[in-house]
Amino acid sequence: MRKPLIVLCLCLTVIAGCSRTEKSSRVDTKSSEGKKLLIGLVPERDIFDQMSRYEPLADYLSKKTGVKIEFQVLTRYGDIVDNFTSMHLDGAFFGSFTYVLAHARLGVEPVARPEDFNGDSTYCGLIFVRRDSGIKTAKDMKGKTFAFVDKSTTAGYLLPLVFFKENGIKDYKAYFKEAYFTGTHEDAVYDVLNKRADIGATKNTVFYQLADSDKRIADELVVLTKSNHVPQNGLAVRKDLDSSIKSKLKEALLNMHDDKDAMVVLKKFGASSFVETKDTDYKGVYEYMKEINPAPSTNNYLDD
């Protein structure tokens with residue numbers, strides 16, 4: 001009787017140990033998952049160029065916050081808002097228009113945005129043509145081809161619509177021979193440069209960054225008009241994100257310019273620092289949207 005009893009006790013001990021191990025494993029897994037943040041990126045430029053800028057920032061923020069940060073470039077601007085919940089995103093570097101939409105619909109909260117080496121943390125929209133096109137005014141654009149970026153971009157769609165309204169163009173689809181969407185600001189620039197389109201819309205930061213590396217852009221393209229400035233693409237997070245994690249993210253970003261280890265990261269990102277960002281900073285975007293369409297909570301990317 002003693003041997004069976006000893007065996008039984010040993011079995012119960014092993015089973016209990018296994019149970020504790022499995023329970024411990026489940027807790028550890030859950031804890032690990034809780035320390036990972038997925039941040040979405042709008043497709044501003046070529047995906048490889050985009051990730052080469054953001055990956056060093058992800059590594060830096062992961063070390064500073066103790067939270068694994070991962071960035072994911074979405075296929076189009078509107079996906080940031082449409083898929084924020086379904087993709088379980090914790091935040092995103094929103095364009096100014098997509099931020100306004102996401103704030104109205106999802107309640108995302110702004111954290112910070114980059115400031116460039118000239119001290120600017122904003123950008124403006126540009127409408128540009130080839131220097132040899134003969135196009136100088138809105139009247140000259142009639143019957144031509146216009147390259148937008150995406151219906152959920154400020155510089156690539158919202159601001160051109162304001163320009164059309166101010167110049168008496170009531171129906172741009174009828175006014176132009178063709179109007180289409182390139183998907184990225186970079187493609188809008190190169191479509192006009194390579195004569196796929198006659199007129200294009202983009203943001204000044206992308207236009208001049210490309211011009212620095214491609215002499216043809218400065219030589220062959222000319223800007224016809226500029227919009228007012230709006231906030232540069234900034235980080236906003238879901239409203240129910242743990243407050244301590246949000247504080248760590250904000251602190252890490254706002255103090256980068258004082259951290260020697262962050263200098264290389266900032267340079268790669270194309271920024272001198274990050275500045276605090278609030279919803280009130282987007283006042284100009286709200287006003288532009290109101291001029292064209294109703295409230296952002298019901299606005300379907302300005303579909304017309």
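**Entry 1: cavities**

I searched the whole structure, a predicted model, for enclosed space and found 2 cavities of 30 Å³ or more. I looked up the largest cavity and noted about 60 Å³ of space in it. I then asked which residues are the closest to its centre. They are Tyr77, Gly95, Tyr123, Thr154 and His185, out of 13 residues that line the largest cavity.

I checked which elements give two or more residues to this lining, and they are helix H4 (96-106) and helix H5 (154-166). H4 has the largest share, with 3 residues. I sorted the lining of the largest cavity by class and wrote down 8 polar, 4 nonpolar and 1 charged residues.

**Entry 2: the largest pocket**

I turned from cavities to pockets. The largest pocket has a volume of about 710 Å³. I listed 26 residues that line the largest pocket; the closest to its centre are Asp116, Thr205, Gln209, Gln232 and Gly270.

Which elements give two or more residues to this lining? I noted three helices and a strand: helix H2 (47-65), helix H8 (204-213), helix H11 (263-269) and strand E4 (109-115). H8 gives the most to the lining of the largest pocket, 6 residues. By class, I recorded 10 polar, 9 charged and 7 nonpolar residues in the lining of the largest pocket.

**Entry 3: H7 against H8**

H8 came up in the pocket lining, and I looked next at how H8 packs with helix H7 (residues 185-193). For such a pair I need two values, as packed helices are described by the angle between their axes and the distance between the axes. For H7 and H8 the angle is about 60 degrees, and the axes are 9 Å apart. I had to decide on a word for this angle. The roughly perpendicular range is 65 to 115 degrees, and angles under 35 degrees count as roughly parallel. H7 and H8 are therefore oblique to each other. I also noted the hand of the crossing: H7 passes H8 in a right-handed one.

Which residues meet in this contact? On the H7 side I wrote down His185, Glu186, Val189 and Tyr190, and on the H8 side Val206, Phe207 and Leu210. The residues of the contact divide into 5 nonpolar, 1 polar and 1 charged.

**Entry 4: cross-check**

I compared my lists for names that recur. His185 is among the residues closest to the centre of the largest cavity, and His185 in H7 also takes part in the contact with H8. H8, in turn, gives 6 residues to the lining of the largest pocket.

Notes:
Residues numbered from 1 in each chain as written. Predicted model: local features only at pLDDT ≥ 70, side-chain atom pairs only at ≥ 80, totals over all residues. Heavy atoms only, no water. 1 Å grid on protein atoms, 1.4 Å probe; cavity = no way out; pocket = protein on both sides within 12 Å on 5 of 7 lines; lining within 4 Å. Points joined across faces, edges and corners; volume = space filled by probe spheres on them. Helix = DSSP H or I, 4+ residues; strand = E, 2+ residues; numbered from the N terminus. Nonpolar A, V, L, I, M, F, W, Y, C, P; charged D, E, K, R; others polar. Axes fitted to C-alpha atoms, helices over the stretch in contact; angles between N-to-C directions. Parallel < 35°, antiparallel > 145°, perpendicular 65-115°, else oblique. Left-handed = near helix turned anticlockwise from the far one by under 90°. Contact = heavy atoms within 4.5 Å.
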